[in-house]
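Trainee: I would like to practise reading a model feature by feature. Could you take me through one?

Mentor: Gladly. Here is the one we will work with.

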Amino acid sequence: MISRYEIFCEVTEQKSFTKAAEKLGYTQGAISQTVKSIEEELGTRLLERRRDGVTLTRGGEKFYPYIRDIFIAERRLRQEAEAMNNLDTGEIRMGIFTSVSRIFLPPVMKAFRDEHKNVKFSVRHGEYSEAREWVMNGEVDFTFINSLEGGELELYEMFDDELCAILRPDHPLAKKEIIELEDLASEPLILIDEQPSENLLVKEFAKAGVETGASFVGYDEYSIYAMVKQGLGVSAAYSLCIKGFEEGLAVRKIRGNPSRRICIGWKSWESMSYAARKFVEYIKELHEQGFDPLAE
């Protein structure tokens, strides 16, 4: 839709109501009425018709720079909106955690980029609480998150990621198919360096009334795998994190099958960029078609 300030600037540039109407695809009467409405708003006559064409009055010369600035700002605003709503130039900003970035996202991002080659991805790694704040503050469009940590975010639930015990293959507990929490608590325990409130194993111990303490703290899952392989202790990790790193480890189920429900979370669907909404819809479609990131 053409703004009335654009119409006024076009009349001024063309020095003709008729030529402006032809260029913009409006009737001459509509053009005249638009100019009149601006004059009424400002309380002064802005244009006058002369033999050599339409010219600015003294009041028009005073107000024209401001009207032109408004028109330019409106045009830039439309251009930015079109860019935001265009997959070819859009940016997708998301928060993630390690297992999602390593197993789930890469094939999905590649498939989406194959269809939309110029779309840009901006990815930030962090804990659940950090990612939730990024979404609420508008620093990212959406985040992958544990359903229990979603807070005020709107959530789309996808799949469960099971927490499993990891041990050396020659560890006595490796002979068991299912590991009890008490078994893990009786061993030197290696925990990942994250907030206790977000650590599922710590919460499972507390829920079961099992007392334990961390003998070691690993910076990330992969340093923990190395520590377990060296016989420094036992630990637990999510299935998505373990996938591809099973060699040299014994992976066993934990009694009760503790797991996290992985979701996509956003603050407001309407406030997300067009590209971000289309990417989330793409993931939803894959999920509804049965896409399993843990399948071989």
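Trainee: Where is Lys15 found?

Mentor: A word first: this is a predicted model. Lys15 sits in the loop between α1 and α2, and α2 covers 17-24.

Trainee: How should I read the backbone at that point?

Mentor: Start with the general idea: most residues other than glycine have a negative phi. Here, Lys15 has a positive phi, near 55°, although it is a residue other than glycine. This comes just after α1.

Trainee: Which other residue, in the loop between β11 and β12, should I look at?

Mentor: Asn257 is found in that loop, with β11 spanning 250-254. Phi of Asn257 is near 50°, again a positive value in a residue other than glycine. Asn257 has a relative accessible area of 42%, so it counts as partly exposed.

Trainee: Let's go back to the helix. Why is α1 described as largely enclosed by the rest of the structure?

Mentor: The general idea is to ask how many residues fall under 20% relative accessible area, the cut-off for buried. In α1, eight of the eleven residues are buried, so the helix is largely enclosed by the rest of the structure. Among them are Tyr5, Ile7, Phe8 and Val11, and Glu6 and Glu10 are buried too.

Trainee: Is Thr12 buried or exposed?

Mentor: Thr12 counts as buried because its relative accessibility is 15%. It lies in helix α1, which runs over residues 4-14. Setting aside neighbours within four places in sequence, Thr12 is in contact with Leu47, Leu56 and Tyr64.

Trainee: Now a strand, please. Which strand holds Arg261?

Mentor: Arg261 is in β12, residues 259-266. At 27% relative accessibility, Arg261 counts as partly exposed. Beyond its neighbours within four places in sequence, Arg261 has contacts that include Ile145, Asn146 and Ser147, and also Glu157, Met158, Phe159 and Asp160.

Trainee: What joins the side chains of Arg261 and Glu157?

Mentor: A polar contact of 2.7 Å joins them. For a sense of distance in another direction, look at Leu286: it is 25 residues from Arg261 along the chain, and their C-alpha atoms are separated by 17 Å.

Trainee: And what does an exposed residue look like here?

Mentor: Try Glu247, in the loop between α10 (239-242) and β11. Its relative accessibility is 72%, so Glu247 counts as exposed. From C-alpha to C-alpha, Glu247 and Lys229 are 9.7 Å apart in space, with their positions 18 residues apart in sequence.

Trainee: Let me step back to the whole chain. How many helices and strands does the chain have?

Mentor: The chain has eleven helices and twelve strands. Its radius of gyration is 31 Å, well over the 19 Å that the globule rule gives for 296 residues, so the chain is more spread out than a compact globule. The C-alpha trace spans about 105 × 35 × 30 Å along its principal axes.

Trainee: What share of the residues is buried?

Mentor: Buried residues make up 45% of the 296. As for the surface, about 16100 Å² is accessible, and 48% of this belongs to carbon and sulfur atoms.

Trainee: And how do I read contacts and charges over the chain?

Mentor: For contacts, consider the separation in sequence: among those between residues at least 6 apart, 71% join residues at least 24 apart. For charges, compare mean positions: those of the 39 positive and 51 negative charges are 9 Å apart.

Methods:
Residues numbered from 1 in each chain as written. Predicted model: local features only at pLDDT ≥ 70, side-chain atom pairs only at ≥ 80, totals over all residues. Heavy atoms only, no water. Helix = DSSP H or I, 4+ residues; strand = E, 2+ residues; numbered from the N terminus. Rg over C-alpha atoms; globule rule 2.2 N^0.38 Å. Buried < 20%, exposed > 50% of the residue type's maximum accessible area, 1.4 Å probe, protein only. Contact = heavy atoms within 4.5 Å. Areas by Shrake-Rupley, 256 points an atom, 1.4 Å probe, with all protein chains shown as cover. Lys, Arg positive; Asp, Glu negative; His and termini not counted. Charge placed at Lys NZ, Arg CZ, Asp CG, Glu CD. Polar contact = N/O pair within 3.5 Å; in protein donor to acceptor, adjacent residues only side chain to side chain.
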